[in-house]
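User: Hi! Could you take a close look at one part of this model for me and walk me through what its side chains are doing?

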Amino acid sequence: VDETARDAKELMNNVIQPMTIRLEKSLDELDATISEFGVAAQSANTLMVNADGTLSRIDGQIVRDLELAVIDMRAMLQSVNRLTEEIERNPSVFLSGKDRERIKVPQ
């Protein structure tokens, strides 16, 4: 019985106690890691919220820029149409840069 008690005490001192100390240290490190992960996750969340807001503003600006571009293109097309109609009515203006001469016929 004494020998068994000594073996158990030796096992406790040489194996179980060092394992317990290492396990406690590992658990402390795990707690710290989890805490750091929580901070990193919160930072990532804040970054994503900010990025989402920025992307929404950019998307809105792109849509507005496209709307303005379409408005400008419509105005340009109307100008080109007016120019085309004028050339069809009076091609000499386009060719010579001068309005065609009008001859008055006496009555």
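User: The part I have in mind is helix 1 (residues 2-89). Which salt bridges and surface patches involve its residues, and how exposed are the residues concerned?

Analyst: Happy to! Please keep in mind that this is a predicted model. For context, the protein has two helices and zero strands. Of its 107 residues, 1% count as buried. The accessible surface comes to about 10100 Å², and carbon and sulfur atoms account for 61% of that area.

Let's go along helix 1, beginning with leucine 11, which is found in this helix. Leu11 joins Met12, Val15, Ile16 and Met19 in making a nonpolar surface patch of about 430 Å². With a relative accessibility of 45%, leucine 11 counts as partly exposed, because that class covers values between 20% and 50%. It also meets the condition for patch members, since they need over 30% relative accessible area.

Next comes a patch of another kind. Glu24, Asp28, Glu29 and Asp31 gather on the surface as a patch of negative charge. Of these, glutamate 29 can be placed in helix 1, and its relative accessible area of 46% makes it partly exposed. Glutamate 29 can belong to such a patch because residues in a salt bridge are left out of patches and its accessible area is above the 30% cut-off.

Now for the salt bridges, of which the structure holds two. One links the side chains of arginine 64 and glutamate 67, with an N to O distance of 3.3 Å. This counts as a salt bridge because the cut-off is 4 Å. Both residues lie in helix 1, three residues apart, or about one turn of the helix. Their exposure can be given together: arginine 64 is partly exposed at 40% relative accessibility, and glutamate 67 is partly exposed with a relative accessible area of 40%.

The other salt bridge joins glutamate 86 to arginine 89, where the closest N and O atoms are 3.1 Å apart. This pair sits in helix 1 as well, and its members are separated by about one helical turn because they are three residues apart. Glutamate 86 has a relative accessible area of 33% and is partly exposed. Arginine 89, at 53%, counts as exposed, because the exposed class starts over 50%.

To pull the picture together, helix 1 contains both partners of the Arg64 and Glu67 salt bridge and both partners of the Glu86 and Arg89 one. It also carries leucine 11 from the nonpolar patch and glutamate 29 from the negative patch.

Conventions: Residues numbered from 1 in each chain as written. Predicted model: local features only at pLDDT ≥ 70, side-chain atom pairs only at ≥ 80, totals over all residues. Heavy atoms only, no water. Helix = DSSP H or I, 4+ residues; strand = E, 2+ residues; numbered from the N terminus. Buried < 20%, exposed > 50% of the residue type's maximum accessible area, 1.4 Å probe, protein only. Areas by Shrake-Rupley, 256 points an atom, 1.4 Å probe, with all protein chains shown as cover. Patch = residues over 30% accessible without salt bridge, like charges linked within 9 Å, V, L, I, M, F, W, Y side chains within 5 Å. Lys, Arg positive; Asp, Glu negative; His and termini not counted. Charge placed at Lys NZ, Arg CZ, Asp CG, Glu CD.
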